[in-house]
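Reader: I am new to reading structures, and I would like to study one small part with care before I look at the rest. Could you choose a single place and lead me outward from there, explaining each term as it comes up?

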Amino acid sequence: MGYEVLALKYRPQTFDDCVGQEEVAKTLKNSITQDRVGHAYLFTGPRGVGKTSLARIFAKALVCPNAANGNSCNNCEQCFEVSKCIHMDVIEFDGASNNKVEDIRDLIANVDYQPTKSTFKIYIIDEVHMVTQQAFNALLKTLEEPPPHVKFIFATTEIQKLPETILSRCQILGFKQIQAIDIIKRLKYICEKENITIEENALQFIAAKARGAHRDSQSLLDQAIAYADGNITTQTIIEITGSIADNELIELIDHIFSSDHNQLFNKVHQFIQKGFDLGEICERLMEILRDIIVVQECGEESIDYISNAFYFDQIKALSVKVRRDGIQYMIQMLSDTRNKIKYSNVPRVLLEMTLIRMCHSSDLIALADIAKEIKSNKYTNESTTQTQSAPTSQSRNENPLMRKPSTETAAPNPAITHEEPQSQIATKPTNTKASESQLISGWPSIVEDITSKDPILASILKKNLSKVTQVIDNQITIELTGDNERIINSVNTDTRKQSVTSAIFNRFNESLKIQYILNNISDKKKTVEIDDRISLPDKKDVKISIGESLRMEEEKVLSDPDIKKVIDQFDCEVINIKKKEN
Ligand SMILES: [Zn+2]
């Protein structure tokens, strides 16, 4: 008997063999045991994940006379014929090569005839998205009301190309990419059966290369077996695939993180001498950088999600060296370079310059850090009487995107921490009296503090644009903007005033009496200048009376999450709102 490729020899034969697609297998099996088999199924998912295999297993379970509990016997003539694709009632059809309307007409011409050997006639149409529009139309009527003995199983990698009329007539089952761990499980099983020894690392390497497709992993194993005489090492896979070993790329990333230009050029030189594809280097670096972020975010659990679990320890070591936003920026640069390399005559230059820029991407300072620095400087200047001046958040020589050494021993955690102790020292002076300006600028934070105790009060204060207008003789005056005295009455109760008093005390260590005043917009004909050239193109400066719509516009701006973030980060306030010129 001739040699049979592994992907065919070890094609799963029962629902239980379908490693990595357990959910779909269970759904199909249950539909048989519960006698609820639909007349049309659509299997959708990436290539090489077992759609055709499951279609055959399902067909076999339907035609096998000895089927029990939803499983075929795999022993009878019918099972054998389906497995070998020679069963007369299980018709496999390739949508890519038989996509014309005549092909479909031929197919459905036989639909009405009874099955010859079994109780069902099953049509498996692979790559169904390749079928033409007219051919789909010819299929529609049959699909709507097929004879009871007819079942359709469609398979596609591109569900978005299928017309709605087809989708709505099918039960759709999504196939997922196979996880590396499941691919490795299957490869190990095959190697045992074939009496092949293979290094654990080589299995990881194949699984990473196969990118979620069983078929690709098994083809690669086939090549490796032919090349290696029974003992497969990582080196075998590197040689047959012509790819770079992950540890070499991890070393390159380490050189980037430590800004070691010399080693970096040396590494690229080696890659080029070995004839590696520079575009692939970009892609693989992106994957490893992604793994580093996953480790930063998920810690030990991430071993299940990263693309090459074999290098978990090295990736974990890298994850404490550079912060997430720095790595995200590096991935963006590599992605751009990957696209440019395709059309460049000097791909090496592009790659090297990108890697150099990646070394220095850590010099860029995150917005949060700039804000922190401004804040801490501001408070140092303002409250000179403070016994403890707030330290600047980053010393000039320190690289803010590089993680501090002290975090190296700690478990990986999200890279950016927005609140650091020093900023709290700055906003919560405990030994000194707060100035009027501090109370004015700190008012939004006080309102936030109130939210947890009295959310309704906080909401009234926010909605009516409350602000501190003055602080004199231990009395704080808070202005609310609105059109009705009832607003003041609702906040001017003893309990609510006490909530505000204690919130101020907690933040500023000040006991103040509360006075509310109303900025009544229904009485006043307050005017503001707005520059509105979009709606009133002929007039440059228009005076309009302030009204409900303008107030709502202001509120909309003030509640915008991005504006809030800027106000929060820079501790500033909105002075004027202008419409954007076109
Ligand atoms: Zn059977």
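**From one lysine to a strand**

Author: Lys176 has a relative accessible area of 39%, so it counts as partly exposed, a class that lies between buried (under 20% relative accessible area) and exposed (over 50%), with a 1.4 Å probe and protein chains only as cover. Keep in mind that this is a predicted model, in which local features need pLDDT of at least 70 and side-chain atom pairs count only at pLDDT 80 or more, while totals for chains, interfaces and linings use all residues. Residues are numbered from 1 along each chain as its sequence is written, and side-chain values use heavy atoms, leaving out hydrogens and water.

Side chains of opposite charge can pair when their charged atoms come close. Lys176 takes part in a salt bridge with Glu23, with 3.3 Å between the closest N and O atoms; the term requires a side-chain nitrogen of Lys or Arg within 4 Å of a carboxyl oxygen of Asp or Glu. This pair links distant parts of the chain, since Glu23 belongs to helix 2 whereas Lys176 sits in the loop between strand 5 (171–174) and helix 8, 153 residues apart. Helices (H or I, at least four residues) and strands (E, at least two) are DSSP runs, numbered from the N terminus. Glu23, like its partner, is partly exposed, at 48% relative accessibility. Over the whole structure, a search finds 30 salt bridges.

Moving on into helix 8, we meet Asp182 and Lys185, whose side chains form a salt bridge of 3.8 Å, N to O. Both residues lie in helix 8, three residues apart, which is about one turn of the helix. Asp182 counts as buried because its relative accessibility is 14%, whereas Lys185, at 52%, counts as exposed.

Helix 8 also holds Tyr189, and here we turn to aromatic pairs, in which rings of Phe, Tyr and Trp (its six-membered ring) have centres within 6.5 Å, with planes under 30 degrees apart called stacked, over 60 edge-to-face and the rest tilted. The count by this rule is six aromatic pairs. One of them joins Tyr10 and Tyr189 edge-to-face, at 6.3 Å centre to centre and with 85 degrees between the planes. Because Tyr10 lies in the loop between helix 1 (6–9) and helix 2 (22–33) and Tyr189 in helix 8 (residues 180–194), the pair ties together parts that are 179 residues apart in sequence. Tyr10 is buried, at a relative accessible area of 10%, while Tyr189 is partly exposed, at 37%. Phe152 and Phe154, by contrast, make a stacked pair, with 5.7 Å from centre to centre and 20 degrees between the planes. Phe152 is buried, its relative accessible area being 0%, and Phe154 also counts as buried, at 0%. Through ring pairs, Tyr123, Phe152 and Phe154 are linked into a cluster.

The two phenylalanines bring us to strand 4, where Val150, Phe152, Phe154 and Thr156 point one way and Lys151, Ile153 and Ala155 the other, all of them buried. Strand 4 (residues 150–156) pairs with strand 1 (residues 40–44) in the parallel sense over five bridges, pairing being assigned when DSSP finds at least two bridges between two strands. In this pairing, Ala40 stands opposite Phe152. Strand 3 (residues 121–126) likewise runs parallel to strand 4, joined to it by five bridges, and there Ile122 stands opposite Lys151.
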